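Good morning, colleagues. Please bring up the sequence and the model on the screen, and I shall take you through several features in turn.

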Amino acid sequence: MNASRSRTVAPPIVENVVIRASAGTGKTFQLSNRFIALACAGQPVEQILAVTFARKAAGEIVDRILLRVAEAALDPSKARELAQCVGAPSFDSSAWRAQLKRLVQRLSRLRIGTLDSFFVQWASHFSLELGLPPGWRIIDELSEAAVRSEAIRTVLERHKAIEMVALLQLLSKGEVRRSVTDEISETVIQLYSLYRETAPEAWRSLPRPRRLKPEELNAAIVALAQVELPEHKTWVAKRDADVEFARIENWQAFICDGIANKIICGETTYCRKPIEPPVVAAYQPLIDQARAVLVGQLADQTEGTWKLLDDFHQAYEQLKLERAGWRFDDINHKLALALAEGKLSDSSYRLDARLGHLLLDEFQDTSRAQWEVMRPLAEGVVSDEAGSFLCVGDVKQAIYAWRGGLSEIFDTVTRQLDGLSQSSLKQSFRSSQAVIDTVNTVFANLAKNEALNDDQHPDRYARVRDNWSESYETHTTARRELKGHCQLSVAPR
């Protein structure tokens with residue numbers, strides 16, 4: 001039997017479903033099934049939104065839809081096959097020719113593209129509400145980098161040199177090894193998206209434990225210097241070093257190893273000798289002081305980082321407004337805020353069509369900001385008896401974390417939306433048995449992988465390993481006739 005004919009028939013169009021589809025198992029086949037089924041059921045194509053992550057993937061969905069309908073229009077066997085897949089048993093080649101004509105006539109009305117392109121289209125109809133000037137545009141990476149650099153220069157010009165030095169000492173914990181501009185640029189690149197996703201209060205939420213008064217600190221140091229220790233040269237040497245670290249207030253060195261570290265970790269011996277209560281009592285005030293100082297430094301650093309990011313944000317937004325140019329994630333952010341404030345209530349009117357059906361592809365690469373915009377739309381179609389929702393993805397193929405992709409969203413969507421069913425596609429129509437065996441070898445045995453078994457912290461990855469092991473399903477292939485060879489090479493630790 002032809003491999004394409006043996007694939008699972010698409011779910012009924014009324015079903016709201018999340019599909020976990022591994023590589024080569026037919027996710028584009030399922031998406032095209034859903035789209036064609038909706039069109040055959042008389043749903044206006046402009047009410048069907050199918051979005052994916054990359055332009056190439058969006059083009060493949062359009063091509064697959066048109067190609068399958070065209071083949072059915074020309075070949076009676078293809079007509080019967082497609083009719084079975086989409087639940088339209090009465091459709092013969094003549095019916096498919098009529099359907100193809102309708103699709104081609106409304107080709108410009110098809111809403112099949114990337115999330116970013118849909119967001120830009122949406123934002124273009126709400127420019128006033130989003131604070132976007134006439135003629136605004138999406139700027140390329142090179143132009144955006146130039147705007148970002150100018151915003152950093154603006155921040156530097158607004159502050160006195162001594163203020164920037166003090167701020168950089170906070171950001172780098174006193175170890176400034178790069179230029180001021182490079183240090184600020186690195187901070188902005190790493191943390192600006194987090195700044196925009198959080199309230200200012202979050203950056204001021206770290207507690208500031210009480211520090212010892214100078215006389216209390218001196219008394220604690222003297223007590224540690226005089227405490228009775230086991231007759232062991234390593235004990236004495238380490239205690240004396242800790243006393244010196246406390247005197248010069250090098251608290252990081254004080255807690256990083258030795259007796260203090262053992263006490264912090266709840267251990268009861270050091271160099272095979274018991275840590276007696278008097279020793280613990282002598283160390284504890286200085287351990288508390290170390291905690292108070294280091295947590296306080298972290299709180300100062302966090303608040304200083306927010307101040308820097310806030311100054312940068314003000315300059316950055318002003319420059320983008322002057323140039324009428326924004327990034328895709330800027331548009332995501334503006335749409336999310338406007339939705340939360342109820343400013344986009346007449347979207348159907350302005351977009352010239354009500355959204356009745358939502359098809360999400362490559363969902364594992366969706367960012368938190370993108371899902372904040374899409375979630376209200378998803379909630380709308382799920383709650384509508386005449387609507388439908390289809391979400392397809394594979395967390396093993398999540399490759400865009402560097403752009404904010406958050407594969408965990410895929411695991412939470414079923415909890416956030418009511419009434420979703422789940423299914424999985426595990427049979428590949430692309431890969432040889434050797435490839436599938438390798439996939440199973442790697443992903444079915446993650447719990448045994450040495451990289452996820454930290455001897456010093458055995459529980460660090462336990463929850464991730466256990467959850468994965470419980471949910472992983474063995475993959476198979478329909479292409480057993482294909483030859484192949486795979487080799488796994490393990491790099492030195």
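In which helix is the place of V280? V280 lies in helix α14. Please bear in mind that what you see is a predicted model. With a relative accessibility of 27%, V280 is classed as partly exposed. Leaving aside residues up to four places away in sequence, V280 touches I263 and I275. There is also a relation across a longer stretch of sequence: V280 and L224 are separated by 56 residues, and their C-alpha atoms are 9.6 Å apart in space.

Let me now step back to the chain as a whole. The protein chain contains 20 helices and twelve strands. Its radius of gyration is 30 Å, well over the 23 Å that the globule rule gives for 493 residues, so the chain is more spread out than a compact globule. Along the principal axes, the C-alpha atoms fill a box of roughly 100 × 55 × 40 Å. Of the 493 residues, 42% count as buried. The chain exposes about 26,900 Å², and carbon and sulfur atoms supply 52% of that area. As for contacts between residues at least 6 apart in sequence, 78% of them join residues at least 24 apart.

I turn next to the strands. Strand β1 covers residues 17-21 and is mostly covered, with four of its five residues buried. What pairs with β1, and in which sense? One partner is strand β9, residues 388-393, which pairs with β1 in the parallel sense over four bridges. Another is strand β10, residues 421-425, where the pairing is again parallel and runs over five bridges. V18 illustrates both pairings: its bridge partner in β9 is C391, and in β10 V18 stands opposite Q422.

Among the helices, I would draw your attention to α3, residues 76-86. Its buried residues are A79, E81, L82, A83, C85 and V86. These buried residues pack against three helices, namely α1 (27-40), α2 (55-74) and α4 (93-105). Just after α3 comes G87, which takes a positive phi of about 70 degrees.

The next topic is charge pairing. Side chains of opposite charge can pair when their charged atoms come close. How many salt bridges are there in this model? The count comes to 30. One of them joins D300 and R208, with N and O 2.7 Å apart. This pair links distant parts of the chain: D300 belongs to helix α14 (residues 277-323), R208 sits in the loop between α9 (180-197) and α10 (214-226), and the two are 92 residues apart. D300 is partly exposed, at a relative accessible area of 29%, and R208 is partly exposed as well, at 44%.

A second example is the salt bridge between K238 and D257, at 2.9 Å from N to O. Here too distant parts of the chain are linked: K238 is in helix α11 (residues 233-247), while D257 is in the loop between α12 (251-256) and α13 (258-264), 19 residues away. Are these two residues buried or partly exposed? K238 counts as buried, at 13% relative accessibility, whereas D257 is partly exposed, at 40%.

A third example is the pair R327 and D330, whose closest N and O atoms are 3.7 Å apart. R327 and D330 are both buried. They also belong to a network of salt bridges that links E144, R148, R196, E317, K320, R327, D329, D330 and K334.

Finally, I come to the cysteines. How many disulfides does the structure hold? It holds zero. C40, for instance, is in no disulfide, and the nearest cysteine sulfur, that of C85, is 11 Å away. C40 counts as buried, at 17% relative accessibility. For C271, the closest cysteine sulfur is that of C256, and because the distance is 14 Å, the two are too far apart for a bond. C271 is partly exposed, with a relative accessibility of 34%.

To close, I return to two points. The chain is more spread out than a compact globule, and its count of salt bridges is 30. Thank you for your attention.

Technical notes
Residues are numbered from 1 along each chain as its sequence is written. This is a predicted model: local features need pLDDT of at least 70, side-chain atom pairs count only at pLDDT 80 or more; totals for chains, interfaces and linings use all residues. Side-chain values use heavy atoms; hydrogens and water are left out. Buried means under 20% relative accessible area, exposed over 50%, partly exposed in between (1.4 Å probe, protein chains only). Two strands pair if DSSP finds at least two bridges between them. A salt bridge is a side-chain nitrogen of Lys or Arg within 4 Å of a carboxyl oxygen of Asp or Glu. The radius of gyration is taken over C-alpha atoms; the globule rule is 2.2 Å times the number of residues to the power 0.38. Contact means heavy atoms within 4.5 Å. Accessible areas come from the Shrake-Rupley method with a 1.4 Å probe; for residues, only the protein chains shown count as cover. A disulfide is a pair of cysteine sulfur atoms within 2.5 Å.
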